[in-house]
Amino acid sequence: MSEEISRIQSFQVDHDLLDPGFYISRKDGDIITYDLRTRKPNAGDYMDNPTMHSVEHMFATYIRNSAIKDDVVYFGPMGCQTGFYLVVQKQTPQTVFAETLRVVEQILAHEGAVFGASRKECGHYENLSLEAAKIEMQRYYEVLSKWEDMTYAYRKE
């Protein structure tokens, strides 16, 4: 017996129209999944694993210590290597955008080791680079600091 499988919402977005930015990917009640797109999809410029891994450690730590920490559900990299998902409940998109910008600034100002950079804390701790995280976040900061579309919607055409 064969059932038809529905395409998930993120596969219904034309990725060729996406630019780096801050988007609402989906809403599930009071939970919103944000698309923190740091690179243009399908453009041949993808994050390497140390970059994704390092941003994940840094961003997840700072956002889970932010003003919205109690409402953060998840933060992690996209498999396509062009951005990250941030899942938050009960907060407005404007608040999440402001906290995202603040976290990016904190990463850029961070001195010392990458959070969780030890064998006890991470399953591949040698694969971390603060420099790589800062380079990625500088790229993203340049996008966010000029961001004007406060609907946070994907472009349709």
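Begin by selecting T38 and expanding the selection to its contacts: beyond four places in sequence, T38 touches P20, M47, T82, G83, F84, E136, M137, R139 and Y140. The model on display is a predicted one. T38 is located in the loop between β2 and α1. Is T38 buried or exposed? Its relative accessibility is 3%, and T38 therefore counts as buried. Next, show the side chains of T38 and E136, which are joined by a polar contact of 2.7 Å.

**The sheet**

Colour the strands next. The open sheet consists of 4 strands in the order β1-β2-β4-β3, with antiparallel pairing. Which strands stand at the edges? They are β1 and β3; each has a single partner strand, so one side of each is left without a neighbour in the sheet. From one strand to the next, the twist averages 15°. As a general matter, strands of a sheet pair through backbone hydrogen bonds, in either a parallel or an antiparallel sense.

Restrict the view to β2 and β4. These two strands run antiparallel and are joined by 7 bridges. Two positions serve as markers of this pairing: L36 stands opposite F84 in β4, and D35 has Y85 of β4 as its bridge partner.

Now add β3. Its antiparallel pairing with β4 extends over 5 bridges, and Y74 stands opposite V87 in β4. Follow the chain from β3 into β4 to find a hairpin with 5 residues between the two strands. Select Q81 in the turn, where phi is positive at about 70°. Before leaving β4, colour its residues by accessibility: 5 of the 7 are buried, and the strand is mostly covered.

**The core, starting from L36**

Return to L36 and display its surroundings. Leaving aside neighbours within four places in sequence, L36 is in contact with G21, F22, F59, F75, M78, G83, F84, L86, T100 and Y140.

Then select the largest nonpolar core, which has 38 residues. Which residues have the most contacts inside this core? They are F22, Y34, L36, F59, F75 and L86. At least two core residues are supplied by each of β1 (21–28), β2 (31–37), α1 (49–63), β3 (72–77), β4 (83–89), α2 (93–109) and α3 (130–144). The largest share, 7 residues, comes from α1. In soluble globular proteins, nonpolar side chains tend to be buried together.

**The helices α2 and α3**

Select α2 and view it against the sheet. The helix lies across β1, β2 and β4, and runs at about 135° to β1. Its 17 residues reach 24 Å from the first C-alpha to the last, close to the 24 Å expected at 1.5 Å a residue.

Which residues of α2 are buried? Select P93, V96, F97, E99, T100, L101, V103, V104 and I107 to see them. The elements that cover the buried residues of α2 include β1, β2, α1, β4 and α3. When inspecting a helix, recall that an α-helix has 3.6 residues a turn, so residues three or four places apart point the same way.

For comparison, select α3. This helix lies across β1 and β2, running at about 85° to β1.

**Loop positions**

Three loop residues complete the tour. Select N42 in the loop between β2 and α1. N42 is not a glycine, yet its phi is positive, near 55°. Its relative accessible area is 53%, above the 50% limit, and N42 is therefore exposed.

Move to K90, in the loop between β4 and α2. K90 also has a positive phi, about 65°, although it is not a glycine. With a relative accessible area of 58%, K90 is exposed.

Finally, select E111 in the loop between α2 and α3. Is E111 buried or exposed? A relative accessible area of 72% makes E111 exposed. Draw a distance from its C-alpha atom to that of S66: the two atoms are separated by 18 Å, and the residues are 45 apart along the chain.

Terms used. Residues are numbered from 1 along each chain as its sequence is written. This is a predicted model: local features need pLDDT of at least 70, side-chain atom pairs count only at pLDDT 80 or more; totals for chains, interfaces and linings use all residues. Side-chain values use heavy atoms; hydrogens and water are left out. A nonpolar core is a set of buried Ala, Val, Leu, Ile, Met, Phe, Trp, Tyr and Cys residues joined through side-chain atoms within 4.5 Å. Buried means under 20% relative accessible area, exposed over 50%, partly exposed in between (1.4 Å probe, protein chains only). Contact means heavy atoms within 4.5 Å. The expected span of a helix is 1.5 Å times one less than its number of residues. A polar contact is a pair of N or O atoms within 3.5 Å; within protein, one must be able to donate a hydrogen and the other to accept it, and residues adjacent in sequence count only if both atoms are side-chain atoms. Two strands pair if DSSP finds at least two bridges between them. Axes are lines fitted to C-alpha atoms, for helices over the stretch in contact, and angles run from 0 to 180 degrees between N-to-C directions.
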